[in-house]
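User: I would like to learn how to read helix faces and backbone phi values in a model. Please take me through a case.

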Amino acid sequence: MENEPSELHFEKKRLETTIALAKKQIHEAKYKNEENKSAIIAAKQELRENTVHSISNLSSSEGFEALAELSQYTNPITEKVMDYEKIEKKIATLEKLIKSPYFARIDFKFDDEDEFEKVYIGRSSLIEDDSYEIIVYDWRSPIASVFYRFALGKAYYDAPSGRITGEVNLKREYEIVNGELKYFYDAEVQIVDEFLKKLLSQNTSNQMKAIVETIQKEQDLVIRDMENELMMVQGVAGSGKTSVALHRAAYLMYQGLSNTLSSNNIMIISPNSLFEQYISSVLPELGEDNVASAVFEEMLSEILQNEHIQPRSEFLESIISSSKYGALIKSSMEFKMSPEFLEILNSFISDLAYQWIEFEDVYYKNKCIVKKEILRDKISGRKETPIGMKLEQLEEYILDLISESKKKPLGKLEVFHIKNDIQRFTKLNIKNLYRKFINNKEYFYHIAKDIELHDDIEEILRFTAENLNIPYLCYDDAAVLAYLHLKIYGSREYINIKQVVIDEAQDYYPLHYEIFHLLFKHSKFTILGDINQTLEKKEDLSLYEQIQKILDKKKASLITMNKSFRCTNEILNYSSKFIDHDLEIKSFNRDGEEPKVYTSDDASSFNHKIISEVQLCLEEGYETIGLICKTAQNADLLYESLKDKTNLKLIKSGDVVDLHGVNIIPVYMSKGLEFDAVLICDADSKNYQSEDDKKLLYIACTRALHRLNLFCRGEASPLL
């Protein structure tokens, strides 16, 4: 539309008054915090002066009064510090707001009113202190959903009080940079699409960005869902599923203002530390800090008391690099993570008390206090109580019996010695138990007699037994031991977590979901995946049924997001030939160049072509360039041959790096990331030939926003 001068004048004035109000609130907040700072300093001074004597008396008979006096001085300090921190957070939010107070406006008329109300929507709210009038609505507020879900005409939104109906007669979007109105337009679908196309045509950044201005209707439905205990999203590459999950976390925290969900109640589980860093700026950008995040293998290490665990990236490298043991490692993982092996493990846990714990008669001063049969019987009942807990209770039972026989309480040193003695059978070494279990083939086949076993079971058992003697835990065995530990001892580690976000759902197996269920029994889940982006296994939509069954949530929903916003049409069409077409993939209709395949007969020509392409990408203004290789081994070789010819970074397992510039990265570490331009640097017939390789090519190709080309040394892969 053409901006009439009166409309433009009105919007400029509205922006000025909004910024003026925010600046006034910043000024008042800073003044208030100067007062707080002075009060904190004064209170600390008073604490030092008035409690010197009390502190020296804490161990005397007047200790309780001294502590009471101490808390009288410390409580006001704590309150002032909390108030100070709260105001500092408000100042930071307002300073961000000044740069761009809002990005949209809707004019909404409630059904029982005559006038249309101008509703401005931004990343955070701005409220007039005296009148409590809302000047800017937070994008997460109920009324803001109208902007994302409805065109002009009849509309509604769901508020805490129920459904509110009305009518929209204007949707307007703004570009405000550093407090200056650049332009605005009245949004119809075509214009919105053009705006989004313009936005998607820009370069990506080295970290994922918030998308509040461009949230689509189907994305908004996922973000605002409060009904389901388990929200699952099957989203194609580039559909924005990770962004949606993070915006959902921010939305849940906003809702938490009224139902006690705060940042420390949410846990985000990332596939690796590079991805964890890549998404780390989204929630702070949305004004939400301190959300707990973890990489899955780090969680396994914590469960197993800091055991050294093989990183998942190394595990994948050993499969993908077609090493001598690649197929066996894959079979071993497949079997150990399966429902069949889970059944075997549960039988083993049930048998622990009868067959695997070597109870002994307990003697005190040469007198038998309790026979081993009684001890075994003591822990055999109450199946719902973890056996580890029952063994801890057994220690207390034995100490009580000894105390009774002695007719007086035991001394600390005696308790220490007795416990040390009986912990030969009350403290379990789970790794040793697992080792014995794997080596005892007769027992293994006995409890597995009605279970369908893997064709390579003999090889898997032999291979596992060997691996349990090396100084670190293999990735698959670490998951098995973590499961055994949680079943035997239980866990209260994540008791405060109420909402769990799991990304790359397709990379986890049934046993992993059993671990999530044991760790987060009472939590709600948001789970995102793409069955087309598996690395070492094949998945279909039944994955989500399996997840729902294991996590045991009554209210669950699966949403499919099949529109890709990342790649150009040409890149998406090229990528799609590497996957089965059970899921239709739609493109957001952005045009670019066709991907090309370049072949070279010798190293010199191959390196020259890659360097030329890198230079061309840099000249085109692309800021993030990904040189993707099938394996870390290939990435190392490429880096060595190019490092003296251009400026580039080699990304290795465990790295946390800035993705600006030229990056060499193995395909399995590139998942979830995106680059302005992608060069697949080993697309020859030696590297890519199998069904699994097709999926790797799909993942590598769909990392590209604007430009994709493939390079082969020798013959091109037949898959191309």
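User: Which phi does Asp552 take just after helix 22?

Analyst: This is a predicted model, in which local features need pLDDT of at least 70, side-chain atom pairs count only at pLDDT 80 or more, and totals for chains, interfaces and linings use all residues. Residues are numbered from 1 along each chain as its sequence is written, and side-chain values use heavy atoms, with hydrogens and water left out. Most residues other than glycine have a negative phi. Asp552, just after helix 22, takes a positive phi of about 60 degrees. Helices (H or I, at least four residues) and strands (E, at least two) are DSSP runs, numbered from the N terminus.

User: Where does Tyr132 lie, and is Tyr132 buried or exposed?

Analyst: Tyr132 lies in the loop between strand 3 (126-127) and strand 4 (134-138). Its phi is near 60 degrees, a positive value. Tyr132 is exposed, with a relative accessible area of 65%; buried means under 20%, exposed over 50%, partly exposed in between (1.4 Å probe, protein chains only).

User: Which residues of helix 22 are buried?

Analyst: An α-helix has 3.6 residues a turn, so residues three or four places apart point the same way. In helix 22 (residues 542-551), the buried residues are Leu543, Tyr544, Ile547, Ile550 and Leu551. They cover an arc of only 125 degrees around the axis, so they lie on the same side of helix 22; the arc is that of the directions from the helix axis to the C-beta atoms. The face turned away from the buried side carries the exposed residues Glu545 and Lys549.
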